[in-house]
Amino acid sequence: MPYNAVADGPLPELAPHVLQDIYAHARETYPEECCGLLMGANDSTAIDEVRRCVNEQNRYHELDPERFPRTAQEAYFLGGKDLRFLMESLGSSRPVKVIYHSHPDVGAYFSDEDTRAALGREPDETAEPQYPVDHIVIDAQPDHIAGAKLFRWSTSERTFVQAAEYTGERS
Ligand SMILES: [Zn+2]
């Protein structure tokens with residue numbers, strides 16, 4: 001069975017270095033959001049590989065501030081190369097299972113902006129996630145990472161709900 005992040009499927013299991021690596025990434029890009037992709041074998045729940053992505057939000061904000069009013073302090077945007085990698089991985093033996101990003105200062109919640117990004121459009125009664133992946137949001141604070149939460153699409157509630165929580169660490 002290919003991995004598919006749906007409400008009733010098993011949760012991904014993060015190898016210890018994965019959490020350390022994405023926390024380090026969030027510290028490095030603070031006070032801007034980091035973003036990236038997590039992969040693992042398609043026949044297991046394991047996640048053991050991190051692909052750090054470049055947050056293209058500032059570039060798009062500068063090109064078209066009306067369409068992209070937020071800067072990288074408040075949003076993330078995966079570039080074409082990373083999106084292609086994501087799409088091509090989905091049918092492979094090592095698919096992307098999670099998209100992660102950080103929230104500087106505001107806490108690890110799944111924002112309206114995050115929902116729009118995951119759906120690729122405004123939410124309504126027919127909107128579906130663009131990719132069969134979960135989302136991890138990292139709570140980045142000035143002097144430490146306070147933790148992270150995993151959000152997953154709920155087919156019954158038709159929105160993203162928290163499905164797991166990870167403890168933080170001091171920098
Ligand atoms: Zn967000």
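## Before you start

Two strands count as paired if DSSP finds at least two bridges between them. Helices (H or I, at least four residues) and strands (E, at least two residues) are themselves DSSP runs, numbered from the N terminus. What you see here is a predicted model, where local features need pLDDT of at least 70 and side-chain atom pairs count only at pLDDT 80 or more, while totals for chains, interfaces and linings use all residues. Residues are numbered from 1 along each chain as its sequence is written, and side-chain values use heavy atoms, with hydrogens and water left out.

## The overall picture

The protein has four helices and eight strands. Starting at the N terminus, they come in the order β-α-β-β-β-α-α-β-α-β-β-β. Along its principal axes, the C-alpha trace spans about 40 × 40 × 30 Å.

How does the radius of gyration fit a compact globule? For 171 residues such a globule would come out near 16 Å, and the protein has 15 Å, which agrees. That radius is taken over C-alpha atoms, and the globule rule is 2.2 Å times the number of residues to the power 0.38. Of the 171 residues, 44% count as buried. Here buried means under 20% relative accessible area, exposed means over 50%, and partly exposed is in between (1.4 Å probe, protein chains only). Contacts (heavy atoms within 4.5 Å) also reach along the chain: of those with a separation of 6 or more, 64% are between residues 24 or more positions apart.

## Strand 2 and its neighbours

Let's look at strand 2, residues 35–39. Five of its five residues are buried, so the strand is largely enclosed by the rest of the structure. In a regular strand, side chains alternate between the two faces of the sheet. In strand 2, C35, L37 and M39 point one way while G36 and L38 point the other way, and all are buried.

Which strands pair with strand 2? One is strand 4 (residues 49–53), which runs antiparallel to strand 2 and is joined to it by five bridges. There, L37 has R51 as its bridge partner. The other is strand 5 (residues 96–104), again antiparallel and again over five bridges. On that side, M39 is partnered with V96.

## Two cysteines, no bond

A search of the whole structure turns up zero disulfides (pairs of cysteine sulfur atoms within 2.5 Å). Take C35: its closest cysteine sulfur is in C53, 5.5 Å away, which is too far for a bond. C35 is buried, at 0% relative accessibility, and C53 is buried too, at 7%.

## Helix 1 against the rest

Helix 1 covers residues 16–29 and includes A26. A26 is buried, with a relative accessible area of 0%. Leaving aside residues up to four places away in sequence, A26 touches C34, S102, I138, A140 and I145. A26 and A140 are 114 residues apart along the chain, yet their C-alpha atoms are separated by 6.4 Å.

H25 is in helix 1 as well, and it is buried at 6% relative accessible area. With the same sequence neighbours left out, H25 touches C34, C35, R52, C53 and Y100.

## The zinc ion

Which residues hold the zinc ion? Its protein donors are H101 and H103, each through NE2, plus D114 through OD twice, at 2.0 to 2.3 Å from the ion. A donor is an N, O or S atom within 2.8 Å of the metal (3.2 Å for Na, K and Ca); water is not among the atoms, so sites may look incomplete. Along the chain the donors follow the spacing H-x1-H-x10-D. H101 is buried at 0% relative accessible area, and H103 is buried at 3%.

The angles among the four donor atoms run from 59 to 154°, and the site is irregular. Four donors count as tetrahedral if all angles lie between 85 and 135 degrees; four count as square planar and six as octahedral if opposite donors are over 155 degrees apart and all others between 65 and 115; anything else is irregular.

## Backbone oddities

Most residues other than glycine have a negative phi, and most peptide bonds are trans. The bond from Y30 to P31 is cis, with omega near 10°, and P31 is in the loop between helix 1 and strand 2.

D105 has a positive phi, near 75°. D105 sits in the loop between strand 5 and helix 4 (112–119) and is partly exposed, at 42%. R158 has a positive phi near 55°, lies in the loop between strand 7 (144–154) and strand 8 (159–170), and is partly exposed at 30%.
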